[in-house]
Amino acid sequence: MEEHLAARERNILALERRGFSGPGAKERAIREELDLSPVHYYQLLNALLDDPRALAHDPVTVNRLRRVREARRSGR
């Protein structure tokens, strides 16, 4: 049986697909739409990037975010 992402996990990926204008807009959306603190949100997102179910659900977004994460790690 194929496992699917939970609604919250799908919503996190959906939020990452959107563009945000101005500082604080994304953090506000995280709090208002997902009822998460930004720190908890980014912890969940980082775990999702390593989840094969997330890659199967939204490969474009997951691969883009993996590249961004790797670039940040390389830049340190």
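These legends walk you through three close-up views of a predicted model. In this model, local features need pLDDT of at least 70 and side-chain atom pairs count only at pLDDT 80 or more, while totals for chains, interfaces and linings use all residues. Residues are numbered from 1 along each chain as its sequence is written, and side-chain values use heavy atoms, leaving out hydrogens and water.

**View 1. The buried side of helix H2 (residues 25-34).** Ala25, Lys26, Ala29, Ile30 and Leu34 are the buried residues here (under 20% relative accessible area, 1.4 Å probe, protein chains only). They lie on the same side of H2, because they cover an arc of only 140 degrees around the axis. These buried residues pack against helix H1 (7-17) and helix H3 (38-49). Just past the end of H2, look for Asp35, with a positive phi of about 55 degrees.

**View 2. Where H1 meets H3.** The two axes, lines fitted to C-alpha atoms over the stretch in contact, come within 10 Å and cross at roughly 95 degrees. H1 is therefore roughly perpendicular to H3 (65 to 115 degrees). Among the residues in contact (heavy atoms within 4.5 Å) are Ile12 and Leu13 of H1 and Leu44 and Leu45 of H3. The contact residues divide into eight nonpolar, one polar and three charged.

**View 3. The one aromatic pair.** Tyr41 and Tyr42 sit edge-to-face, 5.0 Å centre to centre with 85 degrees between the planes (pairs need ring centres within 6.5 Å, and edge-to-face means over 60 degrees). Tyr41 is buried at 0% relative accessibility, whereas Tyr42 is partly exposed at 34% (from 20% to 50%).

Notes:
Phe/Tyr/Trp six-rings, centres within 6.5 Å; stacked < 30°, edge-to-face > 60°. Helix = DSSP H or I, 4+ residues; strand = E, 2+ residues; numbered from the N terminus. Arc of directions from axis to C-beta. Axes fitted to C-alpha atoms, helices over the stretch in contact; angles between N-to-C directions. Parallel < 35°, antiparallel > 145°, perpendicular 65-115°, else oblique. Nonpolar A, V, L, I, M, F, W, Y, C, P; charged D, E, K, R; others polar.
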